[in-house]
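Here's a quick walk through a protein fold, one sheet at a time. Have the model open and follow along as we go.

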Amino acid sequence: MKAILIIAHHCILPGAYKGFEGILDKLHHDLPGTRVASTSLLDLENDLRTLLREDVESVTLLPFLLLNGQHSKNDVPRVVAKLQAEFPQIPITLMPCLGDWKEFASMVVAGVRNAQNKLSQSASGATSHPKAPQERAHTSNLFSIELNLEGRNVLVVGGGRIALRKVKTLLPTGARITVVAPQFDPEFTTIPSIVLKSRPYEPLDLRGIFMVFICTDKPDVNALVSNDARARRILVNNACDYLDGDFIVPARMDFGENIAVTVSTQGRAPSLAKKLKQKIQTEWAEGLEQVERDFLH
């Protein structure tokens, strides 16, 4: 299997990798059968070594950089030379940075021309009532489902109380749960059915994973896990930034044996969801359980 590893700058801001992820998706779609992965300049050596240890026949490196400066001229080639010596049987090809591509200038001109045309069209059809700025619709159209995780591999990154709550929520689903963190809340050791890896997160932790929950208080780690997971088309829930994830987990209440009620505020007001959950549990529990008994009998 051939592999492509794209190298980007390291950034912890939510949404910073949106365009970068679009490139990854395009490569996944147009190059079927090719392993597409991503890394940052900081993590290049570790991630490339991990990739070379997998079943790949060649690796192509694409520096997602505009300027042919220190990183593309010296830092990246030095890492490539070191790992090529370690893995001489696997060819490593280093492509030029984007700014050195012959096609890049034409892409820039086309983009600017398109922006100018849109501006001209907007000016010719403008009215005295400008459009109000659009709000982010990231969470306005979430699709609510109940997902079968029986036997699925789920990764939780983080060892604190938030990660512990996620694990407790996942336990009844029958998922195969792995938790990775440098340190764990002591209560983790009382849960026998999960795998604990007492060390920092590594990209290799995502191998074979269906879903990942990000539960650390370190923005740089959260951004790295999110980026790695998306590059591998793994579902992401970011407990620290609901806008960054693919899904959120609503508050759930079980009544009797067959009734489950969930409450969601689209991720924007967790405290309100908690209050609604308490209200439903207090005021609805007896009525719902009676409804179940009446229906079944």
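Before we start on the strands, one bit of vocabulary: two strands count as paired if DSSP finds at least two bridges between them. Keep in mind that this is a predicted model.

**The overall picture**

The chain has 297 residues, and 36% of them count as buried. Its secondary structure adds up to seven helices and 11 strands. Take the contacts between residues at least 6 apart in sequence: 63% of these join residues at least 24 apart. As for the outside, the accessible surface of the chain is about 18,500 Å², with 55% of that belonging to carbon and sulfur atoms.

**The four-stranded sheet**

Let's begin with the open sheet of four strands, which has the order 2-1-3-4 and parallel pairing. Which strands sit at the edges? They're strand 2 (35–40) and strand 4 (92–94), and each pairs on one side only. Going from neighbour to neighbour in this sheet, the strands are turned by 20° against each other on average, direction ignored.

Strand 1 (residues 2–8) is a good place to zoom in. Six bridges join strand 1 to strand 2, and the two run parallel. Six bridges also join strand 1 to strand 3 (residues 58–63), again running parallel. How much of strand 1 is buried? Six of its seven residues are, so strand 1 is largely enclosed by the rest of the structure.

If you'd like to find individual bridges in the viewer, here are some of the partners:

| Residue in strand 1 | Bridge partner | Strand of the partner |
|---|---|---|
| lysine 2 | serine 58 | strand 3 |
| isoleucine 7 | threonine 39 | strand 2 |
| alanine 8 | serine 40 | strand 2 |

In general, strands of a sheet pair through backbone hydrogen bonds, either parallel or antiparallel.

**A helix pair**

Now for helix 2 (residues 44–52) and helix 3 (residues 70–86), which pack at an angle of about 30° with their axes 10 Å apart. That makes helix 2 roughly parallel to helix 3, since angles under 35 degrees count that way. Helix 2 passes helix 3 in a right-handed crossing. What makes the contact? From helix 2 it's Leu44, Glu45, Leu48, Arg49 and Leu52, while helix 3 brings in Val76, Val79, Lys82, Leu83 and Glu86.

**The five-stranded sheet**

Further along the chain, five strands form an open sheet in the order 7-6-5-8-9, and here too the pairing is parallel. Strand 7 (195–198) and strand 9 (235–238) stand at the edges; each has a single partner strand, so one side of each is left without a neighbour in the sheet. The twist averages 15° from one strand to the next.

Inside this sheet, strand 5 (residues 153–157) and strand 8 (residues 211–214) run parallel and are joined by four bridges. One of the bridge pairs is valine 154 with methionine 211 of strand 8.

Which helices pack on the sheet? Helix 5 (residues 161–170) does, touching strand 5, strand 6 (176–181), strand 8 and strand 9. The direction of helix 5 makes about 165° with that of strand 5. Helix 6 (residues 219–231) packs on the sheet as well, touching strand 5, strand 8 and strand 9. For helix 6, the direction makes about 165° with that of strand 8.

Technical notes
Residues are numbered from 1 along each chain as its sequence is written. This is a predicted model: local features need pLDDT of at least 70, side-chain atom pairs count only at pLDDT 80 or more; totals for chains, interfaces and linings use all residues. Side-chain values use heavy atoms; hydrogens and water are left out. Axes are lines fitted to C-alpha atoms, for helices over the stretch in contact, and angles run from 0 to 180 degrees between N-to-C directions. Buried means under 20% relative accessible area, exposed over 50%, partly exposed in between (1.4 Å probe, protein chains only). Contact means heavy atoms within 4.5 Å. Accessible areas come from the Shrake-Rupley method with a 1.4 Å probe; for residues, only the protein chains shown count as cover. Angles under 35 degrees count as roughly parallel, over 145 as roughly antiparallel, 65 to 115 as roughly perpendicular and the rest as oblique. A crossing is left-handed if the near helix is turned anticlockwise from the far one by less than a right angle, and right-handed if clockwise.
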